[in-house]
Amino acid sequence: MLRQVIHRGLQSFFYKLGLFVSRHPVFFLTVPAVLTIIFGFSLLNRFQPDTDLESLVAPSHSLAKIERSLASSLFSLDQSKNQLYSDLHTPGRYGRVILLSKPGGNILHQADVILQIHRAVLEMKVNYKGYNYTFSHLCVLRNQDKKCVLDDIISVLEDLRQAALSNKTTARVQVSYPNTKLKDGRSSFIGHQLGGVMEVPNSKDQRVKSARAIQITYYLQTYGSVTQDLIGEKWESEFCKLMHKMQLDHQDLQLYSLASFSLWKDFHQTSLLARGKILVKSSSQVLLVSQTLILLDQRQSSAYSKDLH
């Protein structure tokens, strides 16, 4: 009895609903689409990219995140007297270039060209509110002499260049790997700055015979300032453009540049591409559902009218 009452009530409801939908097809085809677009845009306005990449790619209990935080607190780049470099340390803002020689070539023989590129980076200017900023205005400073922190491979290249200008053979400038002795007597780790290394056979001091690649990193200081961070971002962008220009000028080298915002930029571009697809997909799904409901209502109403006749 109850089942028959519910069945008749549903039949009557769907019949009336089917008649209403069939009499207003334009309304039920356009309103769902309009509502989807309105609610979709209002929702996507809150759809903002997360600038903290660590929170995206690493869990909160990640051991690597804990170790990196510990390394940053204990071995701060601008406070360490030994300028400790480690994969655990992730600087805030930086520009990095990898210079690769042709197969079979020795990157150390191109010290003069690399130093020209290096000087171009140091002289590069970015304009912010009418003032031109160079790397010396933005760099991380050493505590000893308040000079910019630079990779020690630069000192090695300068020694090689001076030896070439004074008609000395590059063999007299002995470069060891992964630790080498600089001209000022310091011992420096260059394992992360020199790549594709071939050592002199049977060399006790691990002397370098040739190397394929050099990596140079330019560290920027933000001082926790929003303005300084904006200037640093502009500097990174100009740095990547400069490296692209240098690649066109120096075809004998391959230059690969990146900056601290490179990975964030990739994530941001992915979110922008996903935003349009999310809106289109949600709109098409709502339209499909609404059209399906219209067809079902029309079939239900036509079937009910046949039962009445």
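# Rings, sheet and disulfide

User: To start, is Y133 buried or exposed?
Analyst: Y133 has a relative accessibility of 19%. This is a predicted model, so local features need pLDDT of at least 70 and side-chain atom pairs count only at pLDDT 80 or more, while totals for chains, interfaces and linings use all residues. Residues are numbered from 1 along each chain as its sequence is written, and side-chain values use heavy atoms, with hydrogens and water left out. Buried means under 20% relative accessible area, exposed over 50% and partly exposed in between (1.4 Å probe, protein chains only), so Y133 counts as buried.

User: What kind of aromatic pair do Y131 and Y133 form?
Analyst: Rings of Phe, Tyr and Trp (its six-membered ring) pair if their centres lie within 6.5 Å, with planes under 30 degrees apart counted as stacked, over 60 as edge-to-face and the rest as tilted. A search of the whole structure finds six such pairs. For Y131 and Y133 the centres are 4.9 Å apart and the planes at 70°, so the pair is edge-to-face.

User: How many residues apart are F135 and W235?
Analyst: These two form a tilted aromatic pair, 5.7 Å centre to centre with 40° between the planes. F135 lies in helix α6 (residues 135–138) and W235 in helix α8 (residues 226–249); helices (H or I, at least four residues) and strands (E, at least two) are DSSP runs numbered from the N terminus. The pair thus links distant parts of the chain, and the separation is 100 residues.

User: Which residues form one aromatic cluster with F135?
Analyst: F135 is buried at 2% relative accessibility, and W235 is buried at 0%. Both belong to one cluster, where the partners of F135 are Y218, W235 and F239.

User: Which are the edge strands of the open sheet of four strands?
Analyst: Happily, the order is simple to follow: β6-β9-β1-β10, with antiparallel pairing. Two strands pair if DSSP finds at least two bridges between them, and eight bridges join β1 (residues 93–101) to β9 (residues 213–220). The strands that pair on one side only are β6 (194–195) and β10 (253–259).

User: At about what angle does α8 run to β10?
Analyst: Helix α5 (residues 111–123) packs on the sheet, touching β1, β9 and β10, and its direction makes about 15° with that of β9; contact means heavy atoms within 4.5 Å. Axes are lines fitted to C-alpha atoms, for helices over the stretch in contact, and angles run from 0 to 180 degrees between N-to-C directions. α8 also lies across β1, β9 and β10, and its angle to β10 is about 165°.

User: What covers the buried residues of α5?
Analyst: The buried residues of this helix are A111, V113, I114, L115, I117, H118, A120 and V121. An α-helix has 3.6 residues a turn, so residues three or four places apart point the same way. The cover over the buried residues of α5 includes β1, α6, α7 (153–165), β9, α8 and β10.

User: Is the disulfide of C139 and C148 left-handed or right-handed?
Analyst: The structure holds one disulfide, meaning a pair of cysteine sulfur atoms within 2.5 Å, and it joins C139 to C148 with S to S 2.0 Å. C139 is buried at 1% relative accessible area, and C148 is buried at 18%. The angle about the S-S bond is -70°, and the link is left-handed.
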